[in-house]
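Visitor: I have a model open and would like to learn how to read it. Could you walk me through a sheet and a pair of domains?

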Amino acid sequence: MKKLTNYLSFLLCILLLAAAACPVSAEANADGYDPDTLSYSNSVDWNKFRGTNTSINVYNWGEYIAVDDGEEGAFDVNAAFEELTGITVNYTNFASNEELYAKLKSGGAAYDIIIPSDYMIARLISEGMLEKLNFDNIPNFALIDDNYKNPDYDPTNEYSVPYTWGTVGIVYNTTLVDPEDDVNTWNILWSEKYAKDILMFSNSRDAFAIALKRLGYSFNTTDEAELQAAAESLKEQKLMVQAYVMDEIFDKMGGGEAALAPYYAGDAITMIDDNPDLAWAVPVEGVNLFIDAICIPRGAANKDAAEMYINFLCETLVALKNCEYIGYSTPHAEAYLYLSDDLKSNPIAYPSDEVIQNSETFTALPSDTTRLIDTLWTSILSNTSTNPYLAMILMFVAIVLSLGINVWRRQRKKQKMYESMN
Amino acid sequence: MTSKSKFLAAPYLLWMIIFIVIPLALIVVFAFTTTVYTDLEGNLLSNEEFDELRIEYDNFYDMADNELPYKKQTVFTLTHIMEVSNYVPVLLNSVWLAIIATAICLLIGYPLAYLISRMRYGFQKLMLMMVMLPMWMNFLLRTYAWMTLLERNGWINKLLGLVGIGPFDMINTQGAVVLGMVYNYLPYMILPLYSIMTKIDNRTIEAAQDLGANSLRVFSKVVLPLSMPGVASGITMVFVPSVSTFIISRMLGGGTNMLIGDLIDLQFLGNAYNPNLGSAISLVLLVFILLCMSITNQLNNEDNMDGGMLL
Amino acid sequence: MKKLSSKLYMALVFGFLYIPIFVLIINSFNASKSRTVWTGFTFDWYKKLFNNEVILNSLVNTLIIAVIASVIATILGTAAAIGIFNMKRMTKSLIINITYLPIINPEIVTGVSLMLLFVFLNIDLGVVTLVLAHITFCVPYVILNVLPKLHQMNRHLYEAAMDLGCNPMQAFFKVIIPEIMPGIITGFLMSITYSIDDFVISYFTHGATSQTLPITIFSMTRRKVSPEVNALSAIIFVVILVVLLIMNIREIRAGKERGDV
């Protein structure tokens, strides 16, 4: 019987998917904005680089741009940009802000466009790793909602153009989580009842944020004792965690492998679309409100072309297609107007003022604090020891062992030779 | 050949120095140094003081190198090497899992290699091809396929579900990591074993049997000693990649069982950027492996230094 | 009885080796995007594969890099092997020991060290660094395959050729190279295989413009491997199966003709 319901729910899921794939853009939304009327603006000379064989290297989060997935009305942002401007786009992915930072910091990889989150932008600015943008090349910046201009992470708004925003909450599987349980709290991620059913962020900042909030501290604390306490509670949680993941969550939550996982709202919408068993919960302790923004790393080879790309992403049509596809909330004032009614009223993407009020944004941390978090995080993920001489003792034992065997063998060889001589 | 042909090796020697020797030297240098900032008088700046300076000068945005109010220096330090000690449990865990995986590979691979080596020539080639064929498939995909099999809603649990048992938690365990190692590196055990065993003449075994040795004695006195070099290279070829893997543990271990390879990745391209510590861990791993190798090499009876050891 | 148990044993081991591959192939025909639910048989993924630019581009990248790297590695390695062969015992064993390093070295350490080198030399990570890195780990395999052939070769062949009127160049290309050809070919084939399959070293040395297939697959495994990749691997599997079968049948036939069955 259970098999049958599973099967039926799967069929239902397919039907829903099919319904979702139907062209929704055919008519205007309730406010009278019809996306079909949109086209590219003439804000800049799109043909400036045509025929010059220019290419730009774009480094973005996984699944963070509209691509042609073969469904009706699909829009491929990079292909459209290449067609419009004649600039080639080399597009690659990273999985977390920290990975992006490592890749940039280690040098070598030359990117023209990156899309980090708020706190990472602040860190990159402070380390002189971003270019100041020439906003004359990005006239579409005017279309960004004023609320998202001059943010905390870039107070003078010289380095970044907001791309998306959202909150962090809990994605859970309604068939695996007991309806009696309160999911609207970070505590559920520590619940022994769901041991090995919980997924957790594999990046340090997001993971610490949850632990800190659960203990009633600020995300941006620099207090060592508070961070240590958070680390202790994350160690405690490790027993309950099935896996530390980033984008693997799509696969694992989609396939019903785990019951609970904290993640970003925009991706939650995509996951819920794919698997209707999933639902979204907003913890009462407070959530993280993040903004991801487009930046150009210092020393980019094609800064002008990269600025054209930023301007293109800020085209109303492109911003609209992008946020429809990736599900994240848009800071683009005009694109918001054209959003379908469904998405506009979706509390996951556009949460109530209450939720926003109870949220906190990440700020840049002093380098000592970042270092401490990195060290604590590594020690949470691995079992560490506190004996500073252990490595040397181990090496010493290995060397002695190796030498010992060698000497012993030589002796034996000599002995054998001696025997054979007699 | 004339002694002039020695110079044919010159381009390679240059290559070897640039791409083998210098990179390893860089690892040593990174492991024993750290970057510090001093003010113009040469006084050490703490991170806090440096942050203040940064804010004061607008992150040094448009400043030329000679205008900077600080100096960057690379200094000798032992902190990173000392810090490695914190992660010895990770190293030991990796070594332990790799030993288990190597032992299982040996247990599975030895009989198989022997059976293949006693077949007719045509069959030998065919079987060898069958051993090698999976290696041609991308190892990430093969490991991913194991995820499909082992998952809670995976194929194995579904199959067991039909019989009414399970589901079992198989993925994200140490067992799954060992399984991934055994699966991916088993051919590396079978191939060297086979290439040694195929050289054991059937007549040697028959002679031992004729002289009254039972099969156990034939094995322990003839086959095993003769195949020892194959065992040694098989062990190294499985142990080294197993102990340093980071993908298998991430995909099948769920990131909760961190191995030494994950730790290195974490320091270079992961969530805790610190190439100095990463180099120190790499160095310790490298020295450790070279020592292990010198131990396994003792299994090799003769000094076959060049060639023959691999494949 | 003994025969039967050994057959059963072999079947089990081969089953273990091939189960994941069957999983890949079966999933390449699965209409559902989910890996664990079967909804019907389809060829769609094969059609989509040929429209998937990301996968095709990285496949082309992989092949180009593999061919360039293994050709250079083969030339460099063969020359090196001949040079090393003629060296004095001490220098020879020193160089061979260093040559062993990239093979013995854990891949992650090689990858990390090359990354440090490229950053140190200020070379942008990309196709160039990938080729350099791949040559570096391929050359040892060429050398270690060619050296034994040189040892097996009759030392006087070269002199004989010279006595018969060859100049040194002719003697080299007409006598020595054909003698060690099997070693060169094995070295080349091994290089190309390792280069195509390499993930770890490429992971540390690739840049913004140079995704090889394993790198692309890696970034997919962090989300969801698209079934097009399953289709691609099924195709690769069949192609390699056919190539190996043909090679083996020819070899077995040749072996039979020589009579060493």
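Guide: Happy to; we will take the sheet and then the domains of this predicted model.

Visitor: How do strands come together in a sheet, and in what order do they lie here?

Guide: Strands of a sheet pair through backbone hydrogen bonds, in either a parallel or an antiparallel way. In chain A, look for an open sheet of three strands in the order E2-E1-E3, with parallel pairing. E2 (88-94) and E3 (113-114) of chain A have a single partner strand each and stand at the edges, so one side of each has no neighbour in the sheet.

Visitor: How many bridges join E1(A) and E2(A)?

Guide: Strand E1 (residues 55-61) of chain A pairs with E2(A) over seven bridges, in the parallel sense. For a place to start looking, find A:Ser55, which stands opposite A:Thr88 in E2(A).

Visitor: Now the domains. Where do they run in chain A?

Guide: Domain 1 covers 2-165 + 290-348, while domain 2 covers 166-289 + 370-381. Taken over C-alpha atoms, the centres of these two domains of chain A are 26 Å apart.

Visitor: How many residues does each domain bring to the contact?

Guide: Domain 1 of chain A brings 19 residues and domain 2 of chain A brings 19 residues. On the domain 1 side, helix H1 (2-21), helix H3 (97-105) and strand E4 (161-173) of chain A are the elements giving two or more residues. H1(A) gives the most to that side, with three residues.

Visitor: Which classes of residue make up that side of domain 1?

Guide: Where domain 1 of chain A touches domain 2 of chain A, its side has ten nonpolar, seven polar and two charged residues.

Technical notes. Residues are numbered from 1 along each chain as its sequence is written. Chains are lettered from A and ligands numbered from 1 in the order in which they are written. This is a predicted model: local features need pLDDT of at least 70, side-chain atom pairs count only at pLDDT 80 or more; totals for chains, interfaces and linings use all residues. Two strands pair if DSSP finds at least two bridges between them. Helices (H or I, at least four residues) and strands (E, at least two) are DSSP runs, numbered from the N terminus. Domain bounds come from an automatic or database domain assignment. Two residues are in contact if their C-beta atoms, placed from the backbone, lie within 7 Å. Ala, Val, Leu, Ile, Met, Phe, Trp, Tyr, Cys and Pro count as nonpolar, Asp, Glu, Lys and Arg as charged, and the others, Gly among them, as polar.
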